[in-house]
Amino acid sequence: MRIGILGSGLMGGKLGIIFARAGHEVVFSYARSAQKLERLAKKAGGKARSGTPREAAQDADALLLAVHWLRFGDVLKQAGSLSGKVVLSCSLPMNADDSALAVAHTASGAEQLAKRIPKARVVSAFNTVPSEVLFGVYEARRKANRPSLAYCGDDRGAKKVAARLIRDAGFDPVDAGPLSIARYTEPFALLVAQLAYEGKGGPQVAYRFERFR
């Protein structure tokens, strides 16, 4: 698939490299400098390259939106029309100083994003994993129990794309249901991120969902 990365910071950059090495065509965009985008593309290898948000969105099978909540408007404006596009949101709706969720409980950042781009096919994915966990993703593949990653959305086809990319990143995809579920997974993700920074082994414990009948 062709994957457009809208936001090539720590999370977007790492996932873009993983996707490129899994055989996807990746376009990195929206970073602090063109040089950083070029470095990411070189590191990713394969069919990876750098570009503008509009170039990343053009002909993309999926877009990874990995920018701060406050930059959504800017990156979406630069990307242009996203009608019909699969958009994977991995950004938590944090306030300016990253001290709390700006949207929570009664709605979610993913739901607000879907309202901003109503003709896109939005899936909430990867926002339930702190970026630190991605550094051990390939080691996790060799374990009996891979870490789980919950995702949610309203479009069946878009969710299939998300599940494939989640597997490519080394996780066990868990369909949590409709997009409205993101209002519960986003606060959970913030809690797990705190465990990643402050606790020992928190993400590994938190990301394994067992199914009970």
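**Getting to know the sheet and its helices**

Let's start with one pairing: Val27 has Arg49, in strand S3, as its bridge partner. Strands S2 (residues 25–29) and S3 run parallel here, joined over two bridges. Keep in mind that this is a predicted model. From that spot we can work outwards to the rest of the sheet and then to the helices.

**The sheet**
- There are eight strands in this open sheet, lined up as S3-S2-S1-S4-S5-S6-S7-S8, and the pairing is mixed.
- At the edges sit S3 (49–50) and S8 (172–175), each with pairing on one side only.

**Helices on the sheet**
- Helix H5 (residues 109–116) packs on the sheet and touches S4 (62–65), S5 (86–89) and S6 (121–124).
- The direction of H5 makes about 170 degrees with that of S6.
- Helix H8 (residues 156–168) lies across S1 (2–6), S4, S5, S6, S7 (148–153) and S8.
- Relative to S7, H8 runs at about 165 degrees.

**Where H1 meets H2**
- Helix H1 (residues 10–21) packs with helix H2 (residues 34–44) at an angle of about 35 degrees, and their axes are 9 Å apart.
- The crossing of H1 past H2 is right-handed.
- On the H1 side you'll find Gly13, Ile17, Ala20 and Arg21, which meet Leu40, Lys43 and Ala44 of H2.
- Sorted by class, that contact between H1 and H2 has four nonpolar residues, one polar and two charged.

**Rings**
- What lies over the face of Trp69? That's Arg116, at 5.4 Å from the ring centre.
- As for aromatic pairs, the count comes to two.

Technical notes
Residues numbered from 1 in each chain as written. Predicted model: local features only at pLDDT ≥ 70, side-chain atom pairs only at ≥ 80, totals over all residues. Heavy atoms only, no water. Phe/Tyr/Trp six-rings, centres within 6.5 Å; stacked < 30°, edge-to-face > 60°. Lys NZ or Arg CZ within 6 Å of the ring centre and 35° of its normal. Axes fitted to C-alpha atoms, helices over the stretch in contact; angles between N-to-C directions. Helix = DSSP H or I, 4+ residues; strand = E, 2+ residues; numbered from the N terminus. Left-handed = near helix turned anticlockwise from the far one by under 90°. Contact = heavy atoms within 4.5 Å. Nonpolar A, V, L, I, M, F, W, Y, C, P; charged D, E, K, R; others polar. Pairing = 2+ DSSP bridges.
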